[in-house]
Amino acid sequence: MPSEAYPDLPLFRIDWTAMTDADIGARLNAVAAEGPKCASRTDLSLAGQTMQIVCDKGTTGVDGPSLSYRFNTGNRLSLSENAGGAVDAGYAALELGDLTFLAHLLPGSLRGYAVVVDNHTHSATVFELWFGGYKRKREVMREVYQGYVHVDGQAPSEVRHEFNNRLEGAGYFWRQDTGAETLEFYDSIAYTHWVELSRMDRSQGYCAPADYIEIGHGKYIYTRTECEFSGMFTVYTMDVNALKQVGLRLGFNAADELEFYVFRGTGEWLGQIAKFEDFGVTEGGPMLPRPGPGQTGEVDATAKGARAVYRPMETYATMTKAEVDAIVPDHTRVFAQRVGAGSGATGMAANVGTPSDKLVGKTATIRYDGGPVMDYEFTSVDELRYRKDGGAWTSTRYHAWEAIDDVFLMGHVLHGEPNHDGHITVLDFEEGKATCYNGYLNTPYIANEAGCRPLFGKLEAEGVPDPGVKRHEFTEDMLGRCITYSYSPGLTSMHFYSTPSTTSWIIFTPTGSAGLQWAGSGAQIKIRDGLYFLYWIEEACNGTLGTILLNLRTMHDIGIGYHCGTEGLSMSPVSALLRHAGQFDLDRFYQHRTRS
C-alpha cells in the first residue's frame with residue numbers, strides 16, 4: 001500500500017490493498033452516524049420533513065426498494081427500507097435548482113444510498129451503493145433505480161429520468177469546492193475518460209464504467225466507478241447550461257483512507273465530438289456483462305449491480321522473464337500471418353497496402369542521438385541486413401511502406417538483444433531525419449508487456465540532405481483529437497488523445513454507440529504538417545506496443561504492432577480508414593507542461 005493518497009504512479013500500477021469486509025465496515029461505521037463531509041454549505045431545508053420514494057425495478061431487473069425517510073435535522077435522518085425497522089444515519093443534502101441531491105451510509109452495514117430528486121416533477125433516481133466488488137471488496141457497487149416521490153393526495157408521478165446517449169461525446173473541466181480539478185469526457189454510453197489535474201500528475205488519462213441519465217432541461221446524472229483501480233465511486237448531478245454540479249465521492253484512496261464527502265463544483269465546456277449512431281437514435285446504457293475481450297463469462301447479467309466492465313487483466317496471459325526469454329528466440333514472426341492465442345491483430349491488417357520496393361538496393365545509416373548507430377542494406381522487399389554500432393551484419397525480415405513521397409515506415413526485430421528489441425522507424429529521405437519507436441520486453445511490471453523508447457536521429461544515404469541538429473519533434477497537435485479507425489467490417493475503434501502522453505481506445509457497439517474503453521501511455525511526434533507518428537502501449541491490458549504513421553490529409557494510416565504472448569513475439573502490420581470525430585479544447589491545460 002502506498003503511503004500517499006495519490007502517489008506518482010499510474011492507477012494501473014498501484015498495488016491496491018485487498019481490503020476485507022471487517023476493514024471496510026469499521027471505517028464506514030466510524031462516519032455513518034455523522035454523514036458525509038462537505039467543504040461548502042449544505043442544504044438544511046429537509047429538516048423536519050418526511051419523504052417516501054417508491055422505486056421501479058433496477059437496471060438489472062431486480063425489485064426496487066421503497067424508501068421512507070424522516071429528516072430529523074439538517075444532517076440526521078431515519079430510514080425505513082420496504083416498511084422495515086428504521087435506521088438512524090447522518091446525511092448531507094445539496095440543492096441544484098429544482099433538484100435535491102442527498103447521500104448517506106447505513107450504520108452497521110457496507111451499504112448506503114445516493115438520491116437525486118426532481119422537486120418539480122416528483123421523480124427520483126436512487127443509487128443503492130455497497131462495498132463488495134467483482135472480486136475486490138474495496139470496489140463500490142451500485143444498482144440504479146428510477147422512481148417517484150409519494151405526495152399525499154396526488155397520483156404517482158409518471159415522469160422518469162432516462163438512460164440515454166444525449167451526453168455522449170461531450171467533455172468538461174470541473175473544479176470542486178474541495179480544490180479537486182478534473183477533465184472529464186463522456187465519450188461513450190457506458191464508459192468515461194478522465195484526467196486528474198490536481199490530485200495526480202496530469203500526464204495520464206484513465207477509463208472507468210459510467211452511467212449517464214437525463215433528468216431534463218439540460219440536467220443530467222453521471223457516475224464513475226474506478227474499477228480495476230481504487231474502486232472509488234463518484235456520482236453527481238449537473239446542469240450543463242449553468243455549468244454547475246453537486247455530488248458524492250465514496251471509496252478508499254491509495255493510502256486506504258476513506259473519502260466520503262459531498263461536493264459542489266463549477267465547470268467549463270470543452271467541446272463535443274461526433275456520434276456514430278443512426279440519426280435520431282438516443283438509446284444509452286447501461287451495458288450489461290457479456291463474454292469477450294477483457295470480460296469473462298462469470299458475471300450474471302441479472303445479478304444486482306451487474307454491468308459491463310472492461311477488466312483486461314482477467315484475460316491477459318502474463319509471462320515471466322524466464323518464459324519470455326525461453327519462447328522468443330524460436331518463436332518470432334515478423335510480418336507473417338498470426339495464428340493461435342493472442343492473434344487479435346489479424347483483422348487489423350485488411351487495409352494494409354503492398355510493402356514498398358523503393359528501398360531495395362539502397363544503403364543507409366541512422367545515427368540516433370544518445371542511441372545506437374544502425375547501418376542498413378536493403379536486399380529485397382522482405383529482407384535487409386543491419387549492423388548495430390559497427391558489429392556483425394545480420395539478415396532479417398522487414399517490411400516498409402511509403403506514407404508520403406520519400407517518407408517510409410519500416411519495422412524489424414533485432415536478433416540476440418537481451419530484451420528482444422524491435423525497431424519501428426520513420427525514414428525521412430527528404431529531410432534526412434529518422435525517428436524510431438524502440439520496442440522491448442522484460443519490462444518491470446509484466447515481462448511480456450512491451451516498453452518503448454523514442455529515438456531521434458539523422459538519416460545518412462546517397463542524395464539525402466544533412467539535417468544538422470534538426471529532428472522530428474514531439475507535438476501536441478493531436479491533443480484533444482478523436483479519430484475513428486475502421487480496420488475491417490465490424491472492427492472499428494476510436495482513439496482519443498486526452499493528454500500529450502495518453503492514447504485511449506474505445507470499441508463501438510454494433511449499433512454505432514461508443515462502448516467499452518481503456519487507455520495507456522504513449523507519445524505523439526510530428527513528421528510533417530498533417531503527418532504524425534504515434535505510439536501507445538496497451539498497459540495492464542494485453543501488453544501490445546501499437547504504432548501508426550497517421551496522415552490526416554488522406555485519412556489513412558499505416559502502423560506496426562509489436563506483441564509478445566504465449567505464442568511468441570510478433571511484429572504485424574495494421575492499417576485503417578479514418579474519420580475525424582472532433583477535437584476537445586485542451587491546450588490551456590498543458591501550456592506549462594515540460595516533457596522529460
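## Two domains and their interface

In this predicted model, 42 residues of domain 1 are in contact with 38 residues of domain 2. Arg13, Ile273 and Phe276 supply 23% of the area that domain 1 buries against domain 2, more than any other three residues. The domain assignment places domain 1 at 11-313, and domain 2 is made of two segments, 321-360 and 401-589. Taken over C-alpha atoms, the centres of domain 1 and domain 2 are 37 Å apart.

The size of an interface is often given as the accessible area lost when the parts come together. For domain 1 and domain 2 the buried area is about 3,200 Å², and carbon and sulfur atoms give 65% of it.

Polar and charged pairs also cross this interface. Between domain 1 and domain 2 there are 17 residue pairs in polar contact, with both residues at pLDDT 80 or more. On the domain 1 side that touches domain 2, the elements giving two or more residues are strand 11 (170-176), strand 12 (181-186), strand 13 (191-196), strand 14 (205-216) and strand 18 (258-272). That side of domain 1 consists of 21 nonpolar, eleven polar and ten charged residues.

Side chains of opposite charge can pair when their charged atoms come close. Three salt bridges are counted between domain 1 and domain 2, and the structure as a whole holds 43. Two salt bridges of the structure are listed here.

| Basic residue | Acidic residue | N to O distance |
|---|---|---|
| Arginine 13 | Glutamate 539 | 3.8 Å |
| Arginine 471 | Aspartate 369 | 2.9 Å |

Arginine 471 sits in the loop between strand 28 (451-460) and strand 29 (473-474), and aspartate 369 in the loop between strand 20 (363-368) and strand 21 (373-378), so their salt bridge ties together parts that are 102 residues apart in sequence. Arginine 13 appears twice in this account: as one of the three residues that supply 23% of the area domain 1 buries against domain 2, and as the salt-bridge partner of glutamate 539.

An unreviewed UniProt entry lists residues 473-560 as "domain: MoaF C-terminal". In the model, that span is 68% strand and 0% helix, and its end C-alpha atoms lie 20 Å apart.

Two details of the backbone remain. The peptide bond joining glycine 285 and proline 286 is cis, with omega at about -5 degrees. Proline 286 belongs to the loop between strand 18 and helix 2 (321-327). Leucine 243, a residue other than glycine, has a positive phi, near 55 degrees. Leucine 243 lies in the loop between strand 16 (233-239) and strand 17 (244-252).

Terms used
Residues numbered from 1 in each chain as written. Predicted model: local features only at pLDDT ≥ 70, side-chain atom pairs only at ≥ 80, totals over all residues. Heavy atoms only, no water. Domains from an automatic or database assignment. Contact = heavy atoms within 4.5 Å. Buried area = accessible area lost by both parts, 1.4 Å probe. Salt bridge = Lys/Arg side-chain N within 4 Å of Asp/Glu carboxyl O. Polar contact = N/O pair within 3.5 Å; in protein donor to acceptor, adjacent residues only side chain to side chain. Helix = DSSP H or I, 4+ residues; strand = E, 2+ residues; numbered from the N terminus. Nonpolar A, V, L, I, M, F, W, Y, C, P; charged D, E, K, R; others polar. UniProt positions renumbered as here; feature names shortened; annotations may be inferred.
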